[in-house]
Amino acid sequence: MRLPPAPLELPAFAELAALVERHRTNAPRYTSYPPAPVWSDDYGARDLADALSLAPEEPADGISVYVHVPFCSSLCHFCACNRIVTRDPEKPKRYLDTVRTEARLLREHRGEAHCGQLHWGGGTPTHLSPKQLIELFRIVTGSFPLLPDAEVSIEVDPRVTTDEHVKVLADLGFRRISLGVQDTDSRVQQAIHRIQPIATTGTLVERARADGFEEIGFDLIYGLPYQTEESFDRTVDEILQLVPDRIALYPYAHVPWVARQQRGFERGDLPEPEVRLRIFVSAITRLVEAGYVYVGMDHFARPDDGLARALEDGTLNRNFMGYTTRAGLEMLAMGPSGISELASDYAQSFRGLDEWDAAVGAGRLPVLRGHVLSDDDRARRWVIRSLLCQGSVRDAEFKAAFGIGLRRRFAPELSDLAALEDEGLVRVEDDDIVLTSLGRLFARNVALRFDAYASPIGAAAETRFSTTV
Ligand SMILES: C[S@@+](CC[C@H](N)C(=O)[O-])C[C@H]1O[C@@H](n2cnc3c(N)ncnc32)[C@H](O)[C@@H]1O
Ligand code: SF4
């Protein structure tokens, strides 16, 4: 029987700081393997069309659909998401027309399928009006009808989400909502150009609960300008009063070559590495003391939340939406920059509205780049997913899936783990790889040992990833 990963236990700060210092590196977040920066521009619409035509007829659990709604009303200065800041009402109208065509195109190439998991992200989906949300829902489910027990979720910005939005979403069947919060301190909010009183967040939480939302998540970021351990402790205490079901505690990714407006943060405004680590340690300590389960990487959940239960029973999965409870679903993406995942392929759509619009308008799948997984990729993806989702890699399960034992398949990688074993981050027992309680915080460092693209091929791409811990 598979045991759930050990709960998180932290050593004294100095010991943890030394470990973090020794293992600080840039690593992908492994929402895919191989990670997107190493995909090929030679992969195009034809390749995705071929992969879609090979997709299984009607999977029992349905497929997963991700819809990227790129619009926002104002720019948060920390933001590294693919978003378009606009107040032009014509852009969302044009967007909806294009998604309508894109949904039909995907349906034509893929054939009939029901949707078991639907997620809208962004940008800010509630930048659309309540009427437009209904239209988008009809467009998507018109091509891929929802299964009765489908999981339907959305990301929203509390500053622009009205009671009417929440009511409409609840009526459409959305039951999970994740709210961007980031930080509740007014000085930090000014610096990041995002003024959001805690009352705005609280009102939305109340509204969502009253309308029947079952899971409410908050996004927080540590490492933002002017944050201190004390200020972020206050943020954590304030958000805990609202009892979210899930919390994503993201490390601030400073990537000014992708998000130019981040250049405005003078390096001096950002917390020093030691302060950043203190903020992080203090925040997780508070969350764990408040009864939250450490799900993995940067996610925490109440013990009765679906993610915590999936961790407990070994069914946790990871895809472009982050951690999810439904394993192995084929995922089709709509909207600019969306990423589709099929049994052997990844494909990303054009990031810009115009290019995406032009391709779809010409009747083509709007593919920017993609990747066809080799047998080697598939084995490594399986190992990396197991590490991040189950906190272990079981030799018997690997053998059952790939017909060869872990030691024979990954001999150099297993020897390479010796240094991490000596540090107490991982154990290799009877050819099973098991992260220790502390090692779960360093799961990406262990995963990196199995990443064939990390070095030397992926070395250039690696600098584009965020740092671990
Ligand atoms: C699409 S946004 C969430 C919805 C909505 N747009 C909002 O901001 O309220 C997704 C999340 O990505 C995170 N994020 C964006 N840029 C980031 C960065 N540079 N570093 C870390 N997290 C970031 C934020 O926590 C944000 O809430
Ligand atoms: S954090 Fe959210 S609201 Fe702010 S710019 Fe990014 S996507 Fe838009």
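In this predicted model, the bridge partner of D345 in strand β16 is V372. D345 belongs to strand β15, which spans residues 345-349, and five bridges join β15 to β16, residues 367-372, in an antiparallel arrangement. On the N-terminal side of this pairing, the reader may turn to strand β14, residues 339-341, which is also joined to β15, here by three bridges and again with the strands antiparallel. Within that pairing S340 stands opposite A347, and the connection from β14 to β15 is a hairpin of three residues.

The surroundings of β15 deserve attention next. Five of its five residues are buried, so that the strand is mostly covered. Both of its faces are covered: D345, A347 and S349 are buried on one side, and Y346 and Q348 are buried on the other.

Another set of strands forms an open sheet. Three strands take part, in the order β17-β19-β18, and their pairing is antiparallel. Because β17 (392-393) and β18 stand at the edges and have a single partner strand each, one side of each is left without a neighbour in the sheet. In general, the strands of a sheet pair through backbone hydrogen bonds, in either a parallel or an antiparallel manner. Here, four bridges join β18, residues 426-429, to β19, residues 432-435, and V428 of this pairing stands opposite I433 in β19. The hairpin of β18 and β19 has two residues between the strands, and D430 in this hairpin takes a positive phi near 50 degrees.

The helices offer a further example of packing. Two packed helices are described by the angle between their axes and the distance between the axes. For helix α3 (residues 90-110) and helix α4 (residues 130-143), the axes come within 8 Å and cross at roughly 10 degrees. The two helices are therefore roughly parallel to each other, since an angle under 35 degrees counts as such. On the side of α3 the contact is made by P92, L96, V99, R100, A103, R104, L106 and R107, and on the side of α4 by Q132, E135, L136, I139, V140, G142 and S143. By class, this contact of α3 with α4 has eight nonpolar, three polar and four charged residues.

A single residue, L249, can be followed in a similar way. L249 lies in strand β8, residues 246-251, and counts as buried because 22 C-beta neighbours lie inside 10 Å. Leaving aside residues up to four places away in sequence, L249 touches L220, Y222, A283, D298 and F300. L249 and I284 are 35 residues apart in sequence, and their C-alpha atoms are 8.6 Å apart in space.

Two ligands complete the account. Around ligand 1 there are 18 residues, of which A80, D157, G180, D219 and A253 come nearest. Strands β4 (115-122), β6 (176-182) and β7 (215-222) each supply at least two residues of this shell. The shell around ligand 1 comprises nine nonpolar, six polar and three charged residues. Ligand 2 is surrounded by C72, L75, C76, C79, C81, R83, G122, G123, T124, D157 and G180, and these residues divide into five nonpolar, four polar and two charged. D157 and G180 appear both among the residues that come nearest to ligand 1 and in the surroundings of ligand 2.

How values were computed: Residues are numbered from 1 along each chain as its sequence is written. Chains are lettered from A and ligands numbered from 1 in the order in which they are written. This is a predicted model: local features need pLDDT of at least 70, side-chain atom pairs count only at pLDDT 80 or more; totals for chains, interfaces and linings use all residues. A residue is buried if 20 or more other C-beta atoms lie within 10 Å of its own, exposed if 12 or fewer, and partly exposed in between; C-beta atoms are placed from the backbone. Two residues are in contact if their C-beta atoms, placed from the backbone, lie within 7 Å. A residue is near a molecule or strand if its C-beta atom, placed from the backbone, lies within 6 Å of it. Ala, Val, Leu, Ile, Met, Phe, Trp, Tyr, Cys and Pro count as nonpolar, Asp, Glu, Lys and Arg as charged, and the others, Gly among them, as polar. Two strands pair if DSSP finds at least two bridges between them. Axes are lines fitted to C-alpha atoms, for helices over the stretch in contact, and angles run from 0 to 180 degrees between N-to-C directions. Angles under 35 degrees count as roughly parallel, over 145 as roughly antiparallel, 65 to 115 as roughly perpendicular and the rest as oblique.
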